[in-house]
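Subject: Handing over the structure

Hi there,

Here is the structure I promised to pass on to you. Have a look at it first, and then read on for my notes.

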Amino acid sequence: QVELTEFGGGSVQPGDSLTLSCAASGRTFNTYGLGWFRQAPGKEREFVAALSWYGGNRDYADFAKGRFTISRDNAKNTGYLQMGGLKPEDTAVYYCALRLPGLADYTYWGQGTQVTVSS
């Protein structure tokens, strides 16, 4: 069992940057692929970014390319999502998740952290 907790959400202005953290309990964080998702009010949850367990393969949603960076520190059992050039449409609850290598579905999810972008 792995528990995930997101940190770093908040209210920012358009153009600002924000870094989200995802702290994982347990000793097996480094065996899981890391993903970030988000859900805006009235919308379905959508994929933001993914990173393989060893940090070699990254994947981004089109809206995240060039603005967001996913990373991880396996020694600290922590994943990150650096977000820059934030826009009002980035307002959402952001979730981190873990999945086993080779699987499409994510097994463990955090409770989410709110990011609000407004002037």
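Let me start with one pair of residues: Ala92 stands opposite Val115 in E11. Please keep in mind throughout that this is a predicted model.

**Around strands E9 and E11**

The two residues above belong to a longer pairing, in which strand E9 (residues 92–99) and E11 run antiparallel and share 3 bridges. Another contact with E11 is made by Val93, whose bridge partner there is Gln114.

Strand E11 itself covers residues 113–117, and its side chains alternate along the strand. Thr113, Val115 and Val117 are buried and point to one face, whereas Gln114 and Thr116 point to the other face and are not buried. E11 is also joined to strand E2 (residues 10–12), this time in parallel, through 3 bridges. If you want to find that spot, look for Ser11, which stands opposite Thr116 in E11.

How many of the 8 residues of E9 are buried? The count is 6, so E9 is largely enclosed by the rest of the structure. E9 pairs with E4 as well: 7 bridges join them, and they run antiparallel. Within that pairing, Leu34 has Leu98 of E9 as its bridge partner. Leu98 turns up again in the pairing with E10, where its bridge partner is Tyr108. That antiparallel pairing, between E9 and strand E10 (residues 108–109), rests on 2 bridges.

As background, the strands of a sheet pair through backbone hydrogen bonds, either parallel or antiparallel.

**The open sheet**

There is an open sheet of 4 strands, with antiparallel pairing and the order E1-E3-E8-E7. Which strands stand at its edges? They are strand E1 (4–7) and strand E7 (68–73); each has a single partner strand, so one side of each is left without a neighbour in the sheet. On average, and ignoring direction, neighbouring strands of this sheet are turned by 15° against each other.

For E1, the pairing with strand E3 (residues 18–24) is antiparallel and has 4 bridges. One place to see this is Phe7, whose bridge partner in E3 is Ser21.

At the other end of the strand order there is a loop worth a glance. Asn77 lies in the loop between E7 and strand E8 (78–83). Although Asn77 is not a glycine, it has a positive phi of about 55°. Is Asn77 buried or exposed? Its relative accessible area is 18%, and because anything under 20% counts as buried, Asn77 is buried.

**Aromatic rings**

The structure holds 7 aromatic pairs. In one of them, Trp53 and Tyr54, the ring centres are 5.3 Å apart and the planes stand at 75°, so the pair is edge-to-face. Both residues can be placed by their accessibility: Trp53, at 41%, counts as partly exposed, and Tyr54, at 48%, counts as partly exposed too.

Phe63 and Phe68 also form an edge-to-face pair, with 6.3 Å from centre to centre and 80° between the planes. Here Phe63 counts as partly exposed at 25% relative accessibility, while Phe68 counts as buried at 3%.

Elsewhere, ring pairs link Phe37, Phe47, Tyr106 and Trp109 into a cluster. Which residue lies over the face of Trp109? That is Arg45, at 3.8 Å from the ring centre. A similar arrangement involves Arg72, which lies over the face of Phe29 at 4.4 Å from the ring centre.

**The largest pocket**

Finally, a pocket to explore. The largest one has a volume of about 150 Å³. It is lined by 15 residues, and the closest to its centre are Gly33, Leu51, Ser52, Trp53 and Arg99. You will recognise Trp53 from the edge-to-face pair with Tyr54. Which elements give two or more residues to the lining? They are strand E4 (33–39), strand E5 (46–51) and strand E6 (58–60). E4 is the strand that is joined to E9 by 7 bridges.

Enjoy looking around!

Best wishes

Terms used. Residues are numbered from 1 along each chain as its sequence is written. This is a predicted model: local features need pLDDT of at least 70, side-chain atom pairs count only at pLDDT 80 or more; totals for chains, interfaces and linings use all residues. Side-chain values use heavy atoms; hydrogens and water are left out. Rings of Phe, Tyr and Trp (its six-membered ring) pair if their centres lie within 6.5 Å; planes under 30 degrees apart count as stacked, over 60 as edge-to-face and the rest as tilted. Buried means under 20% relative accessible area, exposed over 50%, partly exposed in between (1.4 Å probe, protein chains only). A charge sits over a ring if NZ of Lys or CZ of Arg is within 6 Å of the ring centre and within 35 degrees of the ring normal. Two strands pair if DSSP finds at least two bridges between them. Axes are lines fitted to C-alpha atoms, for helices over the stretch in contact, and angles run from 0 to 180 degrees between N-to-C directions. On a 1 Å grid over the protein atoms alone, a cavity is a set of points where a 1.4 Å probe fits but cannot get out, and a pocket is an open set with protein on both sides within 12 Å along at least five of seven lines; lining residues have an atom within 4 Å of a point. Grid points are joined across faces, edges and corners, and a volume is the space filled by probe spheres set on the points.
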